[in-house]
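Please walk through the structure below, beginning with one salt bridge and working outwards to the whole chain.

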Amino acid sequence: MCGIAGLIAKNKLEPEQVERFKKSCNLMQHRGPDYTGIFQDDKVFLLHHRLSIIDLDARSHQPFHTASGKTWVTFNGEIYNYRELISRYQISTRTSSDTEVLAEMYERLGVEAFKEWNGIFAAGLYTAGKNITLIRDRFGVKPLYYFENQDYIAFASEAKVILDWLPSFKINQTGLTQYLWYGNTTGSSTIIQGLQKVLPAQTLEIDLHNHSTILKNTFWDIHSVKPEEKIQEKEAVNQITDLLGKAVKRQMVADVPLGILLSGGIDSSAITAFASQYSSQSLDTYTVSYDYNLGGKSEIENARMVAKKFNTNHHELVVKVSKLEEIFEQLVFQYDEPFADPAAIPMYFLGKICSADKRVILQGDGGDELFGGYPLFNTLYNRSFWKRATAFYHFMPDNRLKDRLKRMNFVLNQKQEALMHAYLMTEVVPYKNPYEILQADWQKSAQSSNWTVDYEKAYHSCANMPALQRQRIINIQSELPNTFLEKVDKATMLHSVESRVPFLDNELAEFVLGLPHTRWLKGGKLKYLLKQSLKGVVPDEILLGKKRGFDVPYRYWLKNDLYGYAHNIFKHADIPWIDSQHCLELLEKNKNSAIDYSPTLWKSLVLNTWLTRYKNKIIE
């Protein structure tokens with residue numbers, strides 16, 4: 001698990017540009033503190049910061065070349081089935097690393113090789129003198145950004161490398177509006193004009209002979225999954241139990257110590273249960289609580305119970321708001337773009353505590369998306385009931401419950417299904433204008449931008465499916481990579497810790513994706529099929545409990561301990577794009593009224609901090 005970067009000249013590399021880019025790459029050295037390698041010819045510069053996980057020997061340093069010397073690779077990630085591929089394709093190897101298998105398979109099969117890889121990866125593959133191919137894994141676990149201008153194409157695991165290398169850049173208004181609605185950008189575009197993300201399962205082929213033309217394609221499509229309509233429930237249950245167990249075992253392969261993030265919920269408890277079967281010694285598990293426990297909603301007792309049952313060495317971390325003030329600016333910078341999911345906070349601290357003696361952690365992302373674990377799935381299943389029930393908000397006194405019911409009533413009564421799905425993915429609604437935190441000119445530009453464009457694309461790709469099937473695909477394509485996977489990768493890799501996600505194993509994911517919602521969400525019961533599959537594996541108290549995860553009490557913090565910090569930030573802000581006075585007024589309303597403005601305030605706080613960092617580079 002590493003940091004990769006490259007600079008590709010459309011004519012010839014200029015030494016001063018290479019030196020500037022190389023220096024900028026130091027900003028992501030946390031992704032690979034063990035070794036830094038470089039390859040360069042007249043048009044191509046490749047860099048690799050290595051975090052050694054498999055085959056710790058120097059023979060596996062990167063950029064790595066094939067035995068023929070024709071192909072070079074800078075690779076971030078893990079190919080879990082690389083040993084099977086060695087046997088299947090009779091690959092003669094010089095190392096015991098998955099990097100060599102990746103490079104040799106690409107040289108032999110080209111882009112067809114990507115379909116064979118079961119893992120998490122982002123890579124740049126260079127066929128000397130001909131082309132470079134950029135790739136990203138099926139679900140977007142590992143990040144990869146790129147930027148093109150008239151002279152160069154640059155790519156990197158973290159966008160901060162490219163932003164530091166660029167002398168200046170402009171804000172992408174569509175990306176900004178997406179951030180104000182969702183707390184992050186939602187597709188290939190970012191908040192910076194010209195800076196793009198390689199999408200999950202996407203390939204970008206750069207032809208070095210044809211003015212470095214970029215040809216985009218995909219090597220896997222969620223809609224190509226074979227349907228499993230006729231499978232009986234019992235068979236499906238047995239299949240899932242078997243496939244999840246195999247996925248966990250497959251992803252425990254490492255030449256360094258491994259731990260598990262244990263929230264006390266179903267997904268992380270299942271991973272702990274299976275991992276304990278395959279480990280010859282007690283595993284280390286990690287969980288988090290807060291100085292304010294969300295009114296007794298903490299799952300720390302559940303985590304303790306699971307840890308005791310499976311005899312793990314359990315570690316508990318208490319996140320204190322006073323510590324947040326110390327790392328807030330660092331955390332905002334680490335996420336490259338403005339990123340407002342407050343769950344980045346516990347991930348940061350968990351990554352830090354794990355890094356004391358761990359290089360690899362397993363965690364449960366993907367389970368909610370595959371098996372229908374979010375309340376919105378139940379809402380959609382019972383849509384008619386909730387449309388009627390939420391209409392009663394008119395008769396309620398002003399409080400947070402009325403505010404939530406009013407919003408849900410608005411969302412469920414949308415006539416355009418695509419727009420309804422887009423609203424389901426955000427806490428914001430038009431009657432709480434999210435653009436009000438901006439100055440007038442930026443408000444005007446934001447209002448003319450299409451913030452739903454990526455959700456509309458996802459919706460139209462599955463418009464003829466039942467609503468619950470559509471929602472699952474929309475979650476997987478738009479929210480999973482841009483919110484949850486990004487959150488974990490950036491926070492853990494800041495501390496040089498690799499995060500693995502067994503629920504997104506190729507074999508398990510494809511099987512579950514082929515099942516109709518009548519199987520995985522039977523009767524509208526969240527995670528119905530997964531719970532059936534885990535009976536006897538995970539304690540009943542966990543299977544029957546409520547979903548909470550690593551909830552973050554940021555609403556409480558903004559009203560109390562963090563109020564002074566936020567007030568000071570807005571009061572002394574020197575950012576021409578944000579209406580700081582309005583932010584201060586919103587902060588007061590949030591503190592003294594029943595209406596909850598904390599999602600918008602949190603986004604404002606993050607955005608203000610990010611703009612302050614880059615204000616000398618941003619041009620109108």
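In this predicted model, aspartate 505 has a relative accessible area of 1%, and because buried means under 20%, aspartate 505 counts as buried. Its salt-bridge partner is arginine 250, with N and O 2.5 Å apart. Arginine 250 is also buried, at 14% relative accessibility. The two residues belong to distant parts of the chain, 255 residues apart. Arginine 250 sits in helix H6, whereas aspartate 505 lies in the loop between strand S17 (498-500) and helix H19 (506-513).

Helix H6 takes part in another such link. Glutamate 233 forms a salt bridge with lysine 522, and the closest N and O atoms are 3.1 Å apart. Glutamate 233 is in helix H6, which covers residues 233-250, and lysine 522 is in the loop between helix H20 (517-520) and helix H21 (528-533). This pair spans 289 residues and again connects distant parts of the chain. Lysine 522 has a relative accessible area of 38%, so this residue is partly exposed.

Not every salt bridge covers such a span. Aspartate 357 and lysine 358 meet through their side chains, at 3.3 Å from N to O. What is the exposure of each partner, buried or partly exposed? Aspartate 357 has 42% relative accessibility and counts as partly exposed, whereas lysine 358, at 6%, is buried. Elsewhere, salt bridges with shared partners join Arg31, Lys142, Glu158, Lys160, Asp336, Glu486, Asp489 and Lys490 into one network.

These pairs can be placed in the wider charge inventory. Side chains of opposite charge can pair when their charged atoms come close. How many salt bridges does the structure hold? The count is 36. The protein chain carries 73 positive and 71 negative side chains, and the centres of these two sets are 5 Å apart.

Backbone geometry gives another set of local features. The peptide bond from glutamine 62 to proline 63 is cis, with omega near -5 degrees. Proline 63 is in the loop between strand S3 (44-50) and strand S4 (64-65).

Which phi value does alanine 201 have? Alanine 201 is not a glycine, yet its phi is positive, at about 65 degrees. This alanine lies in the loop between strand S10 (195-197) and S11, and its relative accessibility of 2% means that alanine 201 counts as buried. Serine 496 has a positive phi of about 60 degrees, although serine 496 is not a glycine either. Serine 496 is in the loop between helix H18 (467-493) and S17. With 13% relative accessibility, serine 496 counts as buried.

Strand S11 covers residues 202-207 and contains isoleucine 206. This isoleucine is buried, with a relative accessible area of 1%. In sequence, isoleucine 206 and alanine 389 are 183 residues apart, and their C-alpha atoms are 54 Å apart in space.

Cysteine 25 is in helix H1, residues 15-25. Its relative accessible area is 0%, so cysteine 25 is buried. Which residues does cysteine 25 touch, leaving aside those up to four places away in sequence? The contacts are Ala5, Leu47, His49 and Val161. For a distance on another scale, the C-alpha atoms of cysteine 25 and leucine 362 are separated by 27 Å, with their positions 337 residues apart along the chain.

The last step is the chain as a whole. The protein chain has 26 helices and 17 strands. Its C-alpha atoms fill a box of roughly 75 × 60 × 50 Å along the principal axes. Why does the radius of gyration agree with a compact globule? For 620 residues a compact globule would have a value near 25 Å, and the protein chain has 24 Å, so the two agree.

Of the 620 residues, 61% count as buried. The exposed area is about 24,200 Å², of which carbon and sulfur atoms supply 47%. Among contacts between residues at least 6 apart in sequence, 74% join residues at least 24 apart. The salt bridges from helix H6 show links between distant parts of the chain at the level of single pairs: glutamate 233 with lysine 522, and arginine 250 with aspartate 505.

Notes. Residues numbered from 1 in each chain as written. Predicted model: local features only at pLDDT ≥ 70, side-chain atom pairs only at ≥ 80, totals over all residues. Heavy atoms only, no water. Helix = DSSP H or I, 4+ residues; strand = E, 2+ residues; numbered from the N terminus. Rg over C-alpha atoms; globule rule 2.2 N^0.38 Å. Buried < 20%, exposed > 50% of the residue type's maximum accessible area, 1.4 Å probe, protein only. Contact = heavy atoms within 4.5 Å. Areas by Shrake-Rupley, 256 points an atom, 1.4 Å probe, with all protein chains shown as cover. Lys, Arg positive; Asp, Glu negative; His and termini not counted. Charge placed at Lys NZ, Arg CZ, Asp CG, Glu CD. Salt bridge = Lys/Arg side-chain N within 4 Å of Asp/Glu carboxyl O.
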